[in-house]
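Here's a quick briefing to read alongside the model. Start at the ligand, then work outwards to the strands and the helix.

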Amino acid sequence: MGFSPPVRPVAVDEETLRGHLADAEIPALLMTIAHLTGDVSVLREDLRAPGWLFAPQGGLTAEQQAEVRESALEVLLRPGGEVPEALPEPPGRDLLHAITTWAMGSDTEDLLPLLAEELVGPGDDPKAPGWTRAGLSPGSDFQVAVIGAGFSGLLAAYRLAQAGVPFVVYEKNPDVGGTWFENTYPGCRTDVASHLYNYSFAPKYDWPDHFCGQDVVLEYLRAFAKDSGVGDRIRFGIEVSAMRWDDERSLWHLTLDGPAGERTVVHHAVISAVGQLNRPRLPDIPGRDSFAGRAFHSAAWDHGTDLSGKRVAVIGTGASAYQIIPEIAGTASEVVVLQRNPPWLRPTPHYHRSVPDSARWLFEHVPYYAQWYRFWLFAPGLRGILEGWVVDHDHPPTERAVSALNDRLRATLLQAMEAQLTDAPELRELVIPAYPVGAKRVLRDDGRWLATLKRDDVRVVTAPIERMTPSGLRAGGEEFDVDVIVYATGFEASRFLTPMRVTGRGGVDLHDGWNGAPRAYLGITVPEFPNLFCMYGPNTNLVGQGGSIVYFSECAATYILDAIRLLLASGSRSLSVRAEVHDAYNAWVDAGNRDRAWGWSKVGGWYNEGGRSATNWPYTAGDYWRLTHAVDPTEYELQ
Ligand code: NAP
């Protein structure tokens, strides 16, 4: 089954095509031309300015862009109006190598298998499991529980379905979507480009915006669940509260809480796809329950509370608050922003822009333009920006910057912020972060945030909150009387798999074993917890590199399916990662994280709680692919 919408090449006249090309992403267009013609001479060095992977339109001048559009006209105009019957083939190895090496500015030989999987041709799915349970082990009764029906859970379910492995998905909510179902706060949208933030094998060409709203992402997931058939295999409203490994029978016993009460089921394997950022965290502020007005967390937005004319306090200035505050300012009579650490802002002029019809036309009609555009969005995750976060101990690192490159990034972001503050110099002290770029999530900026903070009806308060009161809160000795308090205070990101009780071999408790420092091999498997696989588990959060967590979930799904293949093919009942493999891997991950901006800085936050990052992946997206592409049986005890 293929999910790609059809690409429909059509013959159009020159003027119409010229109009469509006006909104093309030029680097992607260049790669498309090279692909369609097989002529890589169009990929000239002089078209690739330094830093081009990160600049809008690759930093190409208007003249250069016009030149590329002219070349595209020549290639795409069809004399006589003929339309080819068959679409071009995906690029062969050499062509892929040449185009991507040029685009990345360094040899991509080592990345070619990954790139071939990412550059998915229409209707193709190169990451699909190439085996079936019936083929490997016809008599097997092996069946799997998937916990969660968000991006990761739906994917795991689909891969199991492709392999013909029976499964059930348990989802606590009444619908699919996970975090995209739960977060409905005003302004909620992706901050990874929508053309990348989707399954590689199920692209969507008609995203209305470059960074779509929550409703659009949720609709994509609903459509995927329906079209793939996995929606029929989901038990909604069922929360897995506990699971226990039964070593004698090699089974997981799952305790399910649902409308009919509690019951227990058994499965041979469990895939936990419960997410990282979905258990709201309320800060431990004295008097929190004394507030007499309405108070709620960003991820549990109270749509019954009309904010019109109300005085609203928003606690936090992370990614959620950053989207909420500009939306409610102007509706509320007054917004008090309680800020501890301000965010670094990354210029993204098109952050709130729609995708023009002409650009959408290109995705729908120019073969492989959508694929090269996706690659263009993905490429910085493969090498690119990671170096900007790496600590240089000779620099030496400070809370200003952890390396010369990090300092240059800081200067670039600072310049963009200061350009917005010329008419509000008093804000400067409040909104310029005092920690290195990358130590917290960098947020996408098109000017809305600082414009909002400049408003007369918005006030930024940086004094620590002393206590909540019946009429609001007190900070810096000042009383703030408000009608509504919004806790945009984040999630229990480092408390993986909570609140489930998970008991492994010999009665060992997962959370006791972790002792507040969750670890897993590849973020997926844990010693003494056989046949338990995590998606978006410990240390799988890719930090601002251009890839996305969907990509990480696809890597994990490939690995988990390969582990199940190994179980079935070997006739084993259980598979458990060797402790020494797990420990050596985590030492390597910890060393990487210590030498990243978030590991070095003392600023804290969910990237680094308690002095050790349990969330972040400190290497490249390509590194994770290499490690998860296939299971090494020598790393596991098979029984
Ligand atoms: P967050 O990044 O953890 O931010 C929580 C905010 O609350 C921070 O500003 C934090 O300050 C502040 N805070 C916490 N306790 C406080 C206290 N006692 N007093 C004052 N301030 C307090 O949470 P989030 O904004 O919900 O975002 C979490 C993650 O979810 C994001 O990083 C992102 O990965 C994801 N997300 C993504 C999007 C998107 O655009 N796709 C949108 C929302 C969320 P400190 O910084 O000082 O700790």
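In this predicted model, the side chain of Gln-323 puts an N or O atom 2.9 Å from an oxygen atom of the ligand. Asn-341 does something similar: an N or O atom of its side chain sits 2.8 Å from a ligand oxygen. Taken on its own, the ligand has 910 Å² of accessible area, and the protein covers 85% of that.

**Around the ligand**

- Gly-318 joins in through its backbone, with a polar atom 3.3 Å from an oxygen atom of the ligand.
- The ligand has 22 residues around it, and the ones that come nearest are Thr-317, Ala-319, Ser-320, Asn-341 and Lys-440.
- So Asn-341 turns up twice, once in that nearest group and once with its side-chain contact at 2.8 Å, which fits the 4 Å cut-off for counting a residue as near.
- Sorted by class, the shell is made of nine polar, eight nonpolar and five charged residues.
- Which element gives the most to the shell? That's helix 10, with three residues.

**Helix 10 and the strands it crosses**

- Helix 10 covers residues 319-328 and lies across strand 9, strand 10 and strand 17 (484-487).
- Relative to strand 9, helix 10 runs at about 165°.

**The open sheet**

- Five strands make up an open sheet with parallel pairing, in the order 8-17-9-10-13.
- Strand 8 (294-297) and strand 13 (458-461) are the edge strands, and each of them pairs on one side only.
- From one strand to the next, the twist averages 15°.
- Inside that order, strand 9 (residues 311-315) and strand 10 (residues 334-338) run parallel and are joined by five bridges.
- If you want a specific pair to look at, take Val-312, whose bridge partner in strand 10 is Val-335.

**A hairpin**

- Strands in a sheet can pair either parallel or antiparallel, through backbone hydrogen bonds.
- Strand 5 (residues 251-258) and strand 6 (residues 261-267) take the antiparallel option, with seven bridges joining them.
- How many residues lie between strand 5 and strand 6 in their hairpin? There are two.
- Gly-258 has Gly-261 as its bridge partner in strand 6.

Note on methods: Residues numbered from 1 in each chain as written. Predicted model: local features only at pLDDT ≥ 70, side-chain atom pairs only at ≥ 80, totals over all residues. Heavy atoms only, no water. Pairing = 2+ DSSP bridges. Helix = DSSP H or I, 4+ residues; strand = E, 2+ residues; numbered from the N terminus. Axes fitted to C-alpha atoms, helices over the stretch in contact; angles between N-to-C directions. Contact = heavy atoms within 4.5 Å. Polar contact = N/O pair within 3.5 Å; in protein donor to acceptor, adjacent residues only side chain to side chain. Areas by Shrake-Rupley, 256 points an atom, 1.4 Å probe, with all protein chains shown as cover. Nonpolar A, V, L, I, M, F, W, Y, C, P; charged D, E, K, R; others polar.
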